[in-house]
Structure formats: structure tokens, C-alpha cells
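I opened the model today to look up three things. Pockets come first, then aromatic pairs, then cysteines.

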Amino acid sequence: AVFPKIQWPARTTVANVRGTVALDDIAGGEKMLCIPSKLIMSPVTARNAKDIGHVFCSSESFKKFRSDGTYETVVFLMHEKLLGERSFWYPYIATLPEP
């Protein structure tokens with residue numbers, strides 16, 4: 001990710017909560033944060049996954065409920081969590097709170 005004009009994460013925010021702080025003026029419409037699409041967990045990422053993507057593309061269950069991709073993303077997250085340290089997503093998943 002690239003974020004040249006913001007400090008993230010930052011704890012120097014109001015009440016010291018985790019957030020972001022502008023390091024320079026940011027113009028209206030200016031991009032503040034650029035994240036490569038391969039680093040975004042999304043329905044597209046789920047459908048393109050080598051080991052489980054076919055399930056989302058061929059399963060009648062997912063075809064029936066394919067509205068905004070929420071189900072694909074949730075099932076993909078659960079699958080990757082079960083992989084543990086073998087998952088590309090492990091560093092991200094390890095930061096998530098437990099239910």
C-alpha cells in the first residue's frame with residue numbers, strides 16, 4: 001500500500017484511538033491511499049483463489065445467493081482462517097478479533 005500524505009496507523013489521534021493523521025494538505029479528490037487489488041479480500045479474490053475459487057463459480061448455492069459477494073467473501077475468509085499460517089492472508093487474519 002502507498003500512502004504518502006497520511007500516517008497510518010496512528011495513535012496520535014483524538015483520545016489516542018487507532019486512526020490516521022494527515023501529514024500534508026490533501027486536495028479534494030486526491031487519492032490518499034492506494035492498495036494493490038491482490039491485497040484486498042473481496043468476492044473477486046475469492047472467485048480467483050486457486051484452491052477454492054471453483055466452488056464459488058460452479059456451486060448452485062453461491063449462484064443463487066450471488067448478490068453483492070458477501071457470502072463468497074465470508075466463506076473465503078473462513079477457509080483462509082482454517083489454513084492458519086499456510087494462508088497468504090494469515091498476517092491479516094491474525095489481527096482480526098475473535099468472535
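**Entry 1: second largest pocket.** I note at the start that this is a predicted model. I looked up which helices line the second largest pocket. Helices α1 (43–48) and α4 (70–83) each give at least two residues to that lining. I then listed the lining in full: K38, T45, N48, A49, K50, D51, F76, E80, F88 and W89. By class I get four nonpolar, two polar and four charged residues. The space in this second largest pocket is about 170 Å³.

**Entry 2: largest pocket.** How much space lies in the largest pocket? I read about 510 Å³. There are 14 lining residues, and A1, W8, I35, L39 and Y92 are the closest to the centre. I sorted the lining of this largest pocket by class. Twelve residues are nonpolar, one is polar and one is charged.

**Entry 3: aromatic pairs.** I searched the whole structure and found two aromatic pairs. One is F76 with W89, in an edge-to-face arrangement. Their ring centres are 6.4 Å apart, and the planes meet at 85°. F76 sits in helix α4, while W89 is in the loop between α4 and α5 (90–93), so this pair ties together parts 13 residues apart in sequence. I checked burial for this pair: F76 and W89 are both buried.

The other pair is F88 with W89, also edge-to-face. Here I read 5.2 Å centre to centre and 90° between the planes. Is F88 buried or exposed? F88 is exposed, because its relative accessibility is 56% and the cut-off for exposed is over 50%. W89 has a relative accessible area of 9%, so W89 counts as buried, the limit being under 20%.

I therefore drew F76, F88 and W89 as one group, since they form one aromatic cluster. Looking back at Entry 1, I see F76, F88 and W89 in the lining of the second largest pocket too.

**Entry 4: cysteines.** How many disulfides does the count give? The count is zero. The rule I applied asks for a pair of cysteine sulfur atoms within 2.5 Å. I also looked up exposure for two cysteines. C34 is at 35% relative accessibility, and C57 has a relative accessible area of 41%. Both are partly exposed, because partly exposed covers the range between the buried limit of under 20% and the exposed limit of over 50%.

How values were computed: Residues numbered from 1 in each chain as written. Predicted model: local features only at pLDDT ≥ 70, side-chain atom pairs only at ≥ 80, totals over all residues. Heavy atoms only, no water. Buried < 20%, exposed > 50% of the residue type's maximum accessible area, 1.4 Å probe, protein only. 1 Å grid on protein atoms, 1.4 Å probe; cavity = no way out; pocket = protein on both sides within 12 Å on 5 of 7 lines; lining within 4 Å. Points joined across faces, edges and corners; volume = space filled by probe spheres on them. Nonpolar A, V, L, I, M, F, W, Y, C, P; charged D, E, K, R; others polar. Helix = DSSP H or I, 4+ residues; strand = E, 2+ residues; numbered from the N terminus. Phe/Tyr/Trp six-rings, centres within 6.5 Å; stacked < 30°, edge-to-face > 60°.
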